[in-house]
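Work through the following exercises with the sequence and the structure in view, and try each task before you read its solution.

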Amino acid sequence: MAHFELDARRMFCPMPVIRAQDKIKELQVGDTLEIVATDPGVLNDIPAWSRINGHKVLETREADDEVFVLVEVCDT
Amino acid sequence: MSQQRKAVALISGGLDSLLAARVMLEQGIHVEGINFFTGFCVEGHTHAIRKQDKSKAKRNNALWSAEQLGIKLHIIDIVEEYKDVLINPKHGYGKNMNPCLDCKIFMVNKAKQWAEENGFDFIITGEVVGQRPMSQRKETMPVVSRESGADDRLLRPLCAQNLPETLPEKEGWVKRDGLFGFSGRNRKPQMELARKYGFEDYAKPAGGCCFLTDESYSAKLVDLWDARGSREYEMDDIMLLKVGRHIRPAPHYKLIIGREDGENKFLQGYKNNYITFKTMDCPGPLTLLDGVASDKDLELAAQISARFSQGRDKDSVTIEARRTNGDTTTLVVKPMPASEVNPEWYV
């Protein structure tokens with residue numbers, strides 16, 4: 001199990017979702033991916049995408065005009 | 001036991017594609033959604049940029065639809081490939097710069113490719129005969145099927161009874177009498193079906209889901225192409241067309257003037273790509289200059305920018321002009337009176 005980060009700053013939804021989706025395809029079950037973004041829509045869209053595609057959101061937070069979403073890759 | 005058939009549904013986030021997918025689920029079909037991002041999609045971007053919208057709860061309607069349906073959704077970035085659709089539409093444009101028929105053919109073709117790669121049997125859309133003046137007419141339905149290459153593997157569950165039988169119907173994968181015969185612009189049958197399925201909070205975009213159907217946006221795109229002498233664009237170009245007032249005082253440059261804090265902040269991100277103007281002695285907009293500018297042009301641009309600041313009624317406003325290399329010039333200008341801003345400058 002490994003941890004990865006995705007820099008989605010200055011991207012607007014749905015681009016952060018697309019980038020996260022494409023990255024998660026490359027990862028193994030149990031890996032985690034932290035998406036860092038500036039579009040607050042990410043706080044809704046990544047959890048929604050994770051729910052419908054069977055992955056688990058471990059944490060969402062905001063700090064200094066940036067948003068963070070931590071996703072665990074699950075077996076779908 | 002018969003094999004469960006699989007359909008890929010084009011999900012826009014609107015009601016029709018939601019219903020079409022729901023009708024297929026009801027017939028026992030395994031459905032997954034596909035949503036294409038062209039760069040011109042209305043939802044998302046302007047919400048993210050404009051400060052006044054940030055307090056509203058935002059959602060991606062395609063994701064919301066998929067969640068209501070309990071299906072997977074695959075969002076595909078087609079920004080680069082879409083350029084050829086927009087620049088060279090075989091079937092031309094609609095009322096504005098919307099190449100709706102070519103767009104639909106392109107998207108169905110992409111969905112067909114995706115279906116083949118992922119072992120899906122057919123494609124469904126929420127199209128309704130007669131609903132859209134360009135892409136959803138009785139005459140254009142077979143054009144989309146044929147030119148996309150999907151042929152009879154393209155099923156439109158909401159209006160299938162008005163169209164020839166498709167492969168899923170002929171093979172008995174879906175029952176034709178469980179499909180619908182909707183037609184025309186009347187939305188009542190869809191709203192009634194939504195009620196039956198318990199869909200309440202579905203998206204109702206007033207002007208469609210694509211900026212290219214918008215008259216003002218299309219005018220800005222044409223202006224951009226005319227000014228550059230080339231029908232090309234990058235993602236940043238199409239983003240900037242969504243933001244601010246666009247004023248072209250001369251053919252060789254255009255000003256993009258932020259209308260509120262969210263837009264000013266967004267435009268600030270382009271300070272290394274464009275000359276920027278900001279007011280120093282009163283609150284005001286962040287202005288970008290797209291093009292080449294002489295000292296005289298900078299002066300005029302500063303006057304126009306000052307006209308949209310809170311110092312518009314003052315005798316003078318101090319503006320800092322910043323070049324892309326970071327060099328700055330301080331200009332003290334008289335804000336241009338509203339009466340002197342030529343209406344023809346507005347793009």
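**Exercise 1: the contact between the chains**

Task: Find how many residues each chain brings to the contact, and which element gives the largest share of the side of chain A that touches chain B.

Solution: The model is a predicted one, and in it the contact takes 17 residues from chain A and 18 residues from chain B. On the side of chain A that touches chain B, the elements giving two or more residues are helix H1 (15–26) and helix H2 (42–53) of chain A. The largest share, seven residues, comes from H2(A). Sorted by class, this side of chain A has nine nonpolar, four polar and four charged residues.

**Exercise 2: a pair of helices**

Task: Describe how H2(A) packs against helix H3 (residues 61–69) of chain B, and name the residues that make the contact.

Solution: Begin with the geometry, where the two helices pack at an angle of about 30 degrees and their axes are 10 Å apart. Because angles under 35 degrees count as roughly parallel, H2(A) is roughly parallel to H3(B). The crossing of H2(A) and H3(B) is left-handed. Next, list the residues: H2(A) contributes Asp45(A), Ala48(A), Trp49(A), Arg51(A) and Ile52(A), while H3(B) contributes Leu63(B), Trp64(B), Ala66(B) and Glu67(B). By class, this contact has six nonpolar, no polar and three charged residues.

**Exercise 3: the nonpolar cores**

Task: State which helix gives the most residues to the largest nonpolar core.

Solution: The largest nonpolar core has 73 residues, and Ile35(A) and Met24(B) are among those that touch the most other members. Helix H5 (residues 100–118) of chain B gives the most to this core, with nine residues. A second, separate core of 40 residues includes Phe266(B) and Tyr274(B).

Definitions and conventions
Residues numbered from 1 in each chain as written. Chains lettered and ligands numbered in written order. Predicted model: local features only at pLDDT ≥ 70, side-chain atom pairs only at ≥ 80, totals over all residues. Contact = placed C-beta atoms within 7 Å. Helix = DSSP H or I, 4+ residues; strand = E, 2+ residues; numbered from the N terminus. Nonpolar A, V, L, I, M, F, W, Y, C, P; charged D, E, K, R; others polar. Core = buried A, V, L, I, M, F, W, Y, C linked by C-beta atoms within 7 Å. Buried ≥ 20, exposed ≤ 12 C-beta atoms within 10 Å, placed from the backbone. Axes fitted to C-alpha atoms, helices over the stretch in contact; angles between N-to-C directions. Parallel < 35°, antiparallel > 145°, perpendicular 65-115°, else oblique. Left-handed = near helix turned anticlockwise from the far one by under 90°.
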